[in-house]
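Please open the model in your viewer and display the chain as a cartoon. The tour below proposes one selection after another and states what is to be found at each.

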Amino acid sequence: MTSDATVIFYGASMLLAAARGYAGCEVLAVSNLLLRRDDQVGCVVFAPVDAIERARARS
């Protein structure tokens, strides 16, 4: 049951981050929306994907 809630939370956070165009760690998207903040913290899980996207954007 806990793993289902975790998957739902991470999935909802990623969808919210994509909808808002949030470039920070997706896990903080919900709290940033609720608190009207824009905390920018590197996300270790998605760091390799972010690096590939930055490299593609440069070329």
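A residue is called buried if its relative accessible area is under 20%, exposed if over 50%, and partly exposed in between, with a 1.4 Å probe and protein chains only. This is a predicted model, in which local features need pLDDT of at least 70 and side-chain atom pairs count only at pLDDT 80 or more, while totals for chains, interfaces and linings use all residues. Residues are numbered from 1 along each chain as its sequence is written, and side-chain values use heavy atoms, with hydrogens and water left out.

**The whole chain**

Begin with the entire chain, whose secondary structure consists of three helices and zero strands. Helices (H or I, at least four residues) and strands (E, at least two) are DSSP runs, numbered from the N terminus. Of the 59 residues in the chain, 15% are buried. The chain exposes about 4700 Å², and 64% of this is supplied by carbon and sulfur atoms; accessible areas come from the Shrake-Rupley method with a 1.4 Å probe, and for residues only the protein chains shown count as cover.

**Phe 9 and Tyr 10**

Next, select Phe 9, which belongs to helix H1 (residues 2-20). Phe 9 is partly exposed because its relative accessible area is 38%. Add Tyr 10, likewise partly exposed at 38% relative accessibility. The structure holds one aromatic pair. Its ring centres, in Phe 9 and Tyr 10, are 5.7 Å apart and the planes stand at 65 degrees, so the pair is edge-to-face. Rings of Phe, Tyr and Trp (its six-membered ring) pair if their centres lie within 6.5 Å; planes under 30 degrees apart count as stacked, over 60 as edge-to-face and the rest as tilted.

**Arg 20**

Now move to Arg 20, also in helix H1. Arg 20 counts as partly exposed, since its relative accessibility is 42%. Contact means heavy atoms within 4.5 Å; apart from neighbours within four places in sequence, Arg 20 is in contact with Ala 29, Asn 32 and Leu 33. Measure from C-alpha to C-alpha between Arg 20 and Leu 33: they are 9.2 Å apart in space and 13 residues apart in sequence.

**Asn 32**

Finally, select Asn 32 in helix H2 (residues 29-35). Is Asn 32 buried or exposed? Asn 32 is buried, because its relative accessible area is 1%. Show its contacts as well: setting aside neighbours within four places in sequence, they are Arg 20, Tyr 22, Arg 37, Asp 38 and Asp 39.
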